[in-house]
Amino acid sequence: MSNDPLLQPYQLKHLTLRNRIIVTSHEPAYPEDGMPKERYRAYTVERAKGGVALTMTAGSAAVSRDSPPVFNNLLAYKDEIVPWIREMTDAVHEEGAAIMIQLTHLGRRTRWDKGDWLPVVAPSHHREASHRSFPKKMEDWDIERIIKDFADAAERMKAGGMDGVELEAYGHLIDQFTSPLTNELGGPYGGSLDNRLRFCFDVFKGIRQRVGNDFILGVRYTADECLPGGTGKAEGLEISRRLKESGLIDYLNVIRGHIDTDAGLTDVIPIQGMANSPHLDFAGEIRAATNFPTFHAAKIPDVATARHAIASGKVDMIGMTRAHMTDPHIVRKIIEKREDDIRPCVGANYCLDRIYQGGAAFCIHNAATGRELTMPHIVAKADAKKKVVIVGAGPAGLEAARVAGERGHQVVVFEAANNPGGQIRLTAQSERRKEMISIIDWRMSQCEKYDVTFHFNTWAEADTIESENPDVVIIATGGLPHTEVLASGNELVVSSWDIISGDVKPGTNVLIFDDAGDHAGLQAAEFLAKAGAKVEIMTPDRSFAPEVMAMNLVPYMRSLQKHDVTFTVTYRLEAVEKSGNQLVAHVGSDYGGIARQHSFDQIVVNHGTIPLDELYFELKPGSSNLGEMSHDQLLSGEPQSVIRNPDGKFQLFRIGDAVAARNTHAAVYDGLRIAKDI
């Protein structure tokens, strides 16, 4: 048996967990009609195949109709969920893992205009900032009804074969009862700590009466809200002791913080540029104080941190949830002593930010996650070896090279720069986003493993490519900043790339016109502000930086507000002219009727990229498919077979920003799905 602390089994009541790594509950937003159907099941089972001890599904499965999901959660209040749960639990158990589900009532953390349009309920009328609903203050019959709903839902989950149920307390209805900030009830459920905890214990009692003792029950809760007037550390320790002493639950899943604002949520679940494992020591204090099984997860992105958490005795089970979205086979690779092959989580939080914006969760650089039915985590060998030439070593080109190499092909990559990475190398120059470079570093190490040949500092021409006698050519040359967007004065502006790279010296009074709404605009603003410039960000949109999304926006705002950056929405930069040593910005509005002028000494345009595609069009006449890609074959996972030029000597494809400006995930997805079928 291995001496690795992470690989030691753990006995949780009657349940033997095969190691110490868990995937904590999270909702990837893959349900169909509120049910965990084939896609959801495939995603969950993949992590069990990868060796995790326990996977928890359904962050916040809804127990009541007046807890409508705000990001496509499972509907645990429906009887029809039981057979779907059974199919999933059976499949996970066959892979040797345990499986639990998280149940919740969202309370005020939802909206009244979702689901059945029922009033949001909470133990006060206080609105949650994130979801903006003013709740109905709960009555006695609401409390009785919801306690029964929890018990009914838990009984369904046991009937579906779950090993246990975890209640999501923090930020949700149970916590809204517990926190003095959100509980203004009188009588038995408000006032003293005893009364504020009564709802939680009544829910657990109701569940225990239904499911018996041979079923794991746990709670994910905050032991310190980090809010003035809220549940503080001392009271959190007391709550932890009482949870243990109740005899109703089998473990504590500890977090610290509050999630009623984007900023609070991001501190609970930190993103890149923020400290790793910020609450691990706190969880260790809870475990030491209670001597009770303790779980924890919050930015535990790497095996070394997880190993330390277990070896030091801070917790009994450690969650690596986003890390398993990046690589579902972490445990298997640890067992096989292949930790260097683990695809690293870079903390980009594309997964969660998409969920909170109403989309499905996708990992920024593992395009197979959430697409297990169509995309492979482990690429199969090709039937016949081909020569694949790729131009461009950004995320699209490197993913295509990695996958083609894993397929067993001979792969040659040409890159004009002296280093790989493309736009990722640029964005990683910012301290906040330096973790992004691991996307490139991991692919380079994988390409080395598959004997991919690289030619850096090489501007590939058509004859360069043709001399390689390729079977397949993939153009992944990316794009260049697109600043030719004004009626006049385009030659007077610089790009966000110019600022981030340091190629252009910062001005002192700077306008950033940002209608791409991505990271580059805010990165340029932060760079300029830190250099001492007065900065205004202007966008024609009704909100700024929409592509950055909520949790990624938090660290930017903390920095930019500190530097007094101005944000101007719904105005459009139309033209620029020079006046002495100043630049005059002519500003209008898509809403009409506005024509203003403002002076700056530097104007930055962030308008995405325009494809660098000359080589593609040079090669196109000599290709067998004339560059055409069959979408039907691409989407059905079949090899490309289009022939438009029988005399062509190679297939030609174009991916990533060489097609159109998109993002890192799109580039990686392009590379995976074209190369996996070569």
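Helix 18, residues 519-530, has 12 residues and spans 16 Å from its first C-alpha to its last, close to the 16 Å expected at 1.5 Å a residue. The model described here is predicted.

**Helix 18 and its surroundings**

Of the 12 residues of helix 18, 10 are buried, so the helix is largely enclosed by the rest of the structure. The buried residues are His519, Ala520, Gly521, Leu522, Gln523, Ala524, Ala525, Glu526, Leu528 and Ala529. Charged and polar names such as Glu526 and Gln523 thus appear in this list beside Leu522 and Leu528. The partners of these buried residues include three helices: helix 14 (423-427), helix 17 (496-501) and helix 19 (550-562). They also pack against strand 19 (509-514), strand 20 (534-539) and strand 25 (602-606). After helix 18 comes Gly532, which has a positive phi, near 100 degrees.

**The five-stranded sheet**

Five strands form an open sheet in the order 15-14-13-16-27, and their pairing is parallel. Which strands stand at the edges? They are strand 15 (453-455) and strand 27 (651-654); each has a single partner strand, so one side of each is left without a neighbour in the sheet. On average, neighbouring strands of this sheet are turned by 15 degrees against each other, direction ignored.

Two of the pairings are set out below.

| Strand pair | Direction | Bridges | One bridge pair |
|---|---|---|---|
| Strand 13 (387-391) and strand 14 (410-414) | parallel | five | Val388 and Val411 |
| Strand 16 (472-475) and strand 27 (651-654) | parallel | four | Val473 and Leu652 |

Strand 14 is mostly covered, with four of its five residues buried.

**Nonpolar cores**

The largest nonpolar core has 149 residues. Ile101, Leu103, Phe199 and Ile318 are the residues with the most contacts inside this core. Helix 5 (residues 193-211) supplies the largest share of the core, nine residues. Another core lies apart from it and has 24 residues, including Val494, Val535, Ala545 and Leu560. In soluble globular proteins, nonpolar side chains tend to be buried together.

What does Ile101 touch, not counting residues up to four places away in sequence? Its contacts are Ser25, Thr57, Ala58, Ala61, Leu74, Ile85, Met157, Met162, Gly164, Val165 and Glu166.

**Two loop residues**

Ser67 sits in the loop between strand 4 (54-62) and helix 2 (81-94). Is Ser67 buried or exposed? The relative accessibility of Ser67 is 1%, and because buried means under 20%, Ser67 counts as buried. Beyond its neighbours within four places in sequence, Ser67 is in contact with Ala62, Thr104, His105 and Leu106.

Asp214 is found in the loop between helix 5 and strand 9 (216-222). With neighbours within four places in sequence left aside, the contacts of Asp214 are His14 and Lys158. With Lys158 there is a polar contact, side chain to side chain, at 3.1 Å. Asp214 is also 8.9 Å from Gly164, C-alpha to C-alpha, although the two are 50 residues apart in sequence. Gly164 is in turn one of the residues that Ile101 touches.

Methods:
Residues numbered from 1 in each chain as written. Predicted model: local features only at pLDDT ≥ 70, side-chain atom pairs only at ≥ 80, totals over all residues. Heavy atoms only, no water. Core = buried A, V, L, I, M, F, W, Y, C linked by side-chain atoms within 4.5 Å. Buried < 20%, exposed > 50% of the residue type's maximum accessible area, 1.4 Å probe, protein only. Contact = heavy atoms within 4.5 Å. Polar contact = N/O pair within 3.5 Å; in protein donor to acceptor, adjacent residues only side chain to side chain. Pairing = 2+ DSSP bridges. Axes fitted to C-alpha atoms, helices over the stretch in contact; angles between N-to-C directions. Expected span 1.5 Å × (residues − 1).
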